[in-house]
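Me: Could you take a close look at one part of this model for me, the first helix and what it packs against? I'd like one connected walk-through rather than a list.

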Amino acid sequence: MHELGICDALLKMLRNVAEEEQLQNVQSITVEVGTLSGVVPRFLSDCWQAVIDGTEFAAVDMIVETVEGEAQCIECGERFVADLERLRCPSCGGNKLTPVSGTDLTLKEILEAN
Ligand SMILES: [Zn+2]
């Protein structure tokens, strides 16, 4: 599963950062997910719970923020906020689209408890 691999990678990243910056008590991580990344936020949180179970980060919450993706129509050049459910150009109705933004997933913040 796609999301499981991502969570695995996020846990490795978190472990590296925590080591480098000597974080003692990580409370949560914030992940930014583009709507065109193909990642389902709900699956991502579920996988996170599974991946951190039994590790030193078992209590770390994952906060998922969604970023709207933009696409551009190859036919007419129109740029618009794309919805994966309905991938059509609002201007000409064409379906030859190229993603402009919102295809990434990034670890935005690691928050430490006080
Ligand atoms: Zn178009």
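Reply: Let's fix one term before anything else: a residue counts as buried here if 20 or more other C-beta atoms lie within 10 Å of its own, as exposed if there are 12 or fewer, and as partly exposed in between. Also keep in mind that this is a predicted model.

With that cut-off, the buried residues in H1 are Glu3, Ile6, Cys7, Leu10 and Leu14. They cover an arc of only 95 degrees around the axis, so they sit on the same side of H1. Part of the logic is plain helix geometry: an α-helix has 3.6 residues a turn, so residues three or four places apart point the same way. Turn to the other side of H1 and you find Gly5, Lys12, Asn16, Glu19 and Glu20, which are exposed.

The helix itself passes a quick sanity check. H1 covers residues 2-20, and at 1.5 Å a residue its 19 residues should span 27 Å; the end C-alpha atoms are 28 Å apart, which agrees. After H1 comes Gln22, with a positive phi near 50 degrees.

So what does the buried side look at? The buried residues of H1 pack against strand E1 (26-34), helix H2 (41-52) and strand E6 (105-112). Leu10 gives you a residue-level view: leaving aside neighbours within four places in sequence, Leu10 is in contact with Ile29, Val31 and Leu107. Several of these names come back in the largest nonpolar core, which has 16 residues. Those with the most contacts inside this core are Ile6, Cys7, Leu10, Ile29, Val31, Leu44 and Trp48. H1, E1 and H2 each supply at least two residues of the core, and the largest share, five residues, comes from H2.

That makes H2 the next stop. In H2, the buried residues are Leu44, Cys47, Trp48, Val51 and Ile52. Seen down the axis of H2, they fall within an arc of 120 degrees, so they line one face of the helix. The cover over these buried residues includes H1, E1 and E2. H2 gets the same kind of length check: at 1.5 Å a residue, its twelve residues should span 16 Å, and the end C-alpha atoms are 17 Å apart, which agrees. Following H2 there is Gly54, whose phi is positive, near 85 degrees.

Now for the strands. E1 and E6, both packed against by the buried residues of H1, belong to an open sheet of three strands in the order E2-E1-E6, with mixed pairing. Its edge strands are E2 (61-67) and E6, and each pairs on one side only. Ignoring direction, neighbouring strands of this sheet are turned by 20 degrees against each other on average. E1 and E2 pair in the parallel sense over seven bridges, and Thr30 stands opposite Ile63 in E2. H2 lies across E1 and E2, running at about 160 degrees to E2.

Stepping away from the helix surroundings, there is another open sheet of three strands, with the order E4-E3-E5 and antiparallel pairing. Strand E4 (79-81) and strand E5 (97-101) are the edges, each pairing on one side only. The twist averages 35 degrees from one strand to the next. Strand E3 (residues 70-73) pairs with E4 over three antiparallel bridges, and the bridge partner of Gln72 in E4 is Arg79.

Two residues give a feel for this second sheet. Glu70 lies in strand E3 and is partly exposed, with 17 other C-beta atoms within 10 Å. Not counting residues up to four places away in sequence, Glu70 touches Arg79, Phe80, Val81, Ala82, Val100, Ser101 and Gly102. The C-alpha atoms of Glu70 and Leu36 are separated by 8.0 Å, though these residues are 34 apart along the chain.

Ser101 lies in strand E5. Ser101 is partly exposed, with 17 other C-beta atoms within 10 Å. Beyond its neighbours within four places in sequence, Ser101 is in contact with Gly34, Gly69 and Glu70. Ser101 and Pro90 are eleven residues apart in sequence, and their C-alpha atoms are 17 Å apart in space.

Back to your helix, then: its buried residues share one side, and they pack against E1, H2 and E6.

Notes:
Residues numbered from 1 in each chain as written. Predicted model: local features only at pLDDT ≥ 70, side-chain atom pairs only at ≥ 80, totals over all residues. Pairing = 2+ DSSP bridges. Helix = DSSP H or I, 4+ residues; strand = E, 2+ residues; numbered from the N terminus. Axes fitted to C-alpha atoms, helices over the stretch in contact; angles between N-to-C directions. Expected span 1.5 Å × (residues − 1). Arc of directions from axis to C-beta. Contact = placed C-beta atoms within 7 Å. Core = buried A, V, L, I, M, F, W, Y, C linked by C-beta atoms within 7 Å.
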